[in-house]
Amino acid sequence: MTEPNDLPRVHDTVVHMLAAAAKENPNAIALSYEGGDLTYRNYAHSVGVLAQRLGKLGARGERIILFMGNSADMAIAMFAVHAAGAQAVPVNPIYTARELDYIVSDALPVATIHDAAATDLIVSLANTGKTISSVGTGFIITDKENHIPLQNILPRPDDLATLQYTGGTTGYPKGVNITHRQMSVNISQREAILPTRYDAETVACVMPLFHVFAVSMCLHLTAYCGGRLVILPRYHPKTLTRSLETEKITILPAGPTIFAGLLNYDGFASTNLDCLVWCYSGSAPLPEETLRRWENTTGCFILEGYGQTEAGPILTYNPAHGEKKPGSVGIPLHKTEVQIVDLIAGTKIQPAGKTGEIRARGPQTMAGYRNLAEETEQTLRDGWLYTGDIGAFDSEGYLYIRDRKTDMVIVGGYNVFPREIDEILYTHPAVMEAASIGIPDPYYGEIIKAWVTLKPKKTASEQELKEHCSKNLAKYKVPESIILCEEIPKTTIGKIDKNALRS
């Protein structure tokens, strides 16, 4: 175990972290899933047994695909792959054969662990390696005779831990290589700014465990503090609302669409949330209006942060104990440098208040993309990770995200950030969700088009929404058209899918 200066306890790997929790508090409940509980002792033993099974398949130094939804088995499998010295490749379990085939062909796994429902799909593909079927709780081991000490099969800090494929909404996804050291340090960096209480936290995991946000802010966070992880198989406002109350949840990490969905659910306002201490937002920008409504309704603050798969994944967060700024994604984590640089060369540092591309460096940034040397060189330059996001610092060092570099729109020569327009639309009392994009225009080059969904029992016309924008935005930023729709398309992790709107 290493402890860099000014960071809380840093484990060599996440497997060391789980082994420590099992040793320090073996009888504490580690996982709760569909009415069942698993202690830390049995959690560690379950991981050990599956890791040994994977080791016999030649897992060490290879890759293993996890094609699974949220379950106790998914949590066990993630740690077991790491314990076996292999690289975990978590994949969205609703991917089609075409989407999965590319990842399989690139990763060349030695094995694939999958939900039983996906058996036909998995066996139809080539190169998936040995296949192991999961039934949700089938990997749980409680028989003392089958116990395998987790301490006997620990990986090394500089081993590759995870191969996380990003995006996929345009072109082909890129596989991000992440080492154990990068992942473990980032856990402690997060702990420094969002401290947990040992053996006192109950965390709701409703975000998908194939995504880095849920792994970092649910799976790893809970094991770090010896807390209880309540795994929900999928999101539904009724189910989550009930769990927040009956399971006495203290921490809710979620995406903006989940917070908005709960606020608009009829039974949420009367829910007893006395145990809820912190809410963490990530994976997509959080509208300021949603944050304010949540705080007014629940009395609990949402702390918003920023990062990406290539960044460990966390770069900044609003501090739990310190000033929290609505609309900001907070301050850089310990041992993390974040700069705003010009959009052309990416080398000129911009002053506070001026926008530019966000670049960062720290011990948590990725090792590179798998099989993509040119893309790695473009993203990692002179020790800096170029994020592709546009942002600005205020005078106190708080970061504000303006948009993706690829989403910026140029209207008649003016730079327009669609997120600014979305934020204004969210402040209209009838608007539930909003998404703006640029579309080609023969005169202006590009113009703004927006999609809006309305809250239940609320009404608003396109003209009314345009007038609302006109009162708050310069004329060239006002959408040329606003489409009222029943639903805005989203990616599988709940982000508004602007690529789908463009197409």
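Guide: Before we start on this predicted model, one cut-off: buried means under 20% relative accessible area, exposed means over 50%, and partly exposed is what falls in between.

Visitor: With that in hand, is C485 buried, exposed or partly exposed?
Guide: The relative accessible area of C485 is 22%. Buried would need a value under 20%, and exposed one over 50%. So C485 comes out as partly exposed.

Visitor: And where does C469 fall, buried or exposed?
Guide: C469 has a relative accessibility of 0%. Since the buried class takes anything under 20%, C469 counts as buried.

Visitor: How many disulfides turn up in the whole structure?
Guide: A disulfide needs two cysteine sulfurs within 2.5 Å. For C469, the closest cysteine sulfur is the one in C485, 15 Å away, which is too far for a bond. Searching the whole structure gives a disulfide count of zero.

Visitor: On to charges, then. What is the count of salt bridges?
Guide: The rule asks for a Lys or Arg side-chain nitrogen within 4 Å of an Asp or Glu carboxyl oxygen. D158 and R181 make one such pair, at 2.9 Å from N to O. By this rule the count is 19.

Visitor: How many residues apart in sequence are the parts that D158 and R181 tie together?
Guide: Their side chains meet in a salt bridge. D158 sits in the loop between β6 (130-134) and β7 (160-166), while R181 belongs to helix α6 (residues 180-193), so the parts they tie together are apart in sequence by 23 residues.

Visitor: Which of that pair is exposed, and which partly exposed?
Guide: R181 has 36% relative accessibility, so it is partly exposed. At 55%, the one that counts as exposed is D158.

Visitor: Which strands does the salt bridge between E337 and R361 tie together?
Guide: The two side chains meet at 2.7 Å, N to O. E337 lies in residues 337-341 and R361 in residues 356-361, so the pair links parts 24 residues apart in sequence, namely strands β16 and β17.

Visitor: In the salt bridge of D389 and R404, which residue is buried?
Guide: These side chains meet at 2.9 Å, N to O. D389 is in strand β20 and R404 in strand β21, so parts 15 residues apart in sequence are tied together. R404, at 33% relative accessibility, is partly exposed. With a relative accessible area of 7%, the buried residue is D389.

Visitor: Which residues do salt bridges with shared partners join into one network?
Guide: Here the salt bridges share partners, and the residues joined into one network are K325, D394 and E396.

Conventions: Residues numbered from 1 in each chain as written. Predicted model: local features only at pLDDT ≥ 70, side-chain atom pairs only at ≥ 80, totals over all residues. Heavy atoms only, no water. Buried < 20%, exposed > 50% of the residue type's maximum accessible area, 1.4 Å probe, protein only. Helix = DSSP H or I, 4+ residues; strand = E, 2+ residues; numbered from the N terminus.
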